[in-house]
Amino acid sequence: AGTGTGGESSESSESSSSSLDANNHNHKELSHNDLFQAPKMMHSDHLIDKFHSTFTKMKMEMETETPRERRWMFMKTLWTLSKPTYIPAGIYQLVTVLVQALSPIIVQRLLRLFEENPNL
């Protein structure tokens with residue numbers, strides 16, 4: 001009885017490992033065509049040039065340059081570059097959160113309205 005159990009477990013482990021191999025064989029690896037193509041304005045070489053030109057412009061506008069002002073120039077430059085993306089994304093996120101938060105409240109109100117007025 002002891003050998004029968006051992007034989008069955010080795011057979012089941014062999015069949016499960018072969019099914020795992022078959023499952024892994026069916027999965028394909030990602031190719032370059034599967035990746036998201038970033039727009040030209042998001043390519044690093046374009047962003048680096050834009051950052052340097054914006055930073056240099058801000059630097060020329062400042063009369064003095066203390067370490068604190070340099071840090072704020074850096075942060076202001078980053079904000080200037082990211083503002084066109086972050087502002088619309090923030091608005092869309094706000095709308096999404098409002099819809100998610102208000103949906104259960106609206107459904108609850110509708111259900112109460114239907115309970116109070118069954119003839120609707």
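In this predicted model, Phe-51 and Phe-55 sit 4 residues apart in helix α2 (residues 44-61), which puts about one helical turn between them. Both of these phenylalanines are buried. For Phe-51, the relative accessible area comes out at 18%, and the cut-off for buried is under 20%.

Aromatic rings turn up as partners here, with 2 aromatic pairs in the structure. One of them joins Phe-51 and Phe-55: the ring centres lie 5.8 Å apart and the planes meet at 15°, so this pair counts as stacked, given that planes under 30 degrees apart fall into that class. Phe-51 also pairs with Phe-74, and here the centres are 5.9 Å apart with the planes at 75°, so the arrangement is edge-to-face; the cut-off for that label is over 60 degrees. This pair ties together distant parts of the chain, since Phe-51 belongs to helix α2 while Phe-74 belongs to helix α3, 23 residues apart. Unlike buried Phe-51, Phe-74 is partly exposed, with a relative accessible area of 39%. Taken together, the ring pairs link Phe-51, Phe-55 and Phe-74 into a cluster.

Helix α3 (residues 67-116) is also home to Leu-94, and that leucine brings the picture out to the surface. Leu-94 is part of a nonpolar surface patch, along with Leu-98, Leu-102, Ile-105, Ile-106, Leu-110, Leu-113, Phe-114 and Leu-120. Together, the residues of this patch offer about 850 Å² of accessible area.

Definitions and conventions
Residues are numbered from 1 along each chain as its sequence is written. This is a predicted model: local features need pLDDT of at least 70, side-chain atom pairs count only at pLDDT 80 or more; totals for chains, interfaces and linings use all residues. Side-chain values use heavy atoms; hydrogens and water are left out. Patches are made of residues with over 30% relative accessible area and no salt bridge: like charges are joined within 9 Å, nonpolar side chains (Val, Leu, Ile, Met, Phe, Trp, Tyr) within 5 Å. Accessible areas come from the Shrake-Rupley method with a 1.4 Å probe; for residues, only the protein chains shown count as cover. A salt bridge is a side-chain nitrogen of Lys or Arg within 4 Å of a carboxyl oxygen of Asp or Glu. Helices (H or I, at least four residues) and strands (E, at least two) are DSSP runs, numbered from the N terminus. Rings of Phe, Tyr and Trp (its six-membered ring) pair if their centres lie within 6.5 Å; planes under 30 degrees apart count as stacked, over 60 as edge-to-face and the rest as tilted. Buried means under 20% relative accessible area, exposed over 50%, partly exposed in between (1.4 Å probe, protein chains only).
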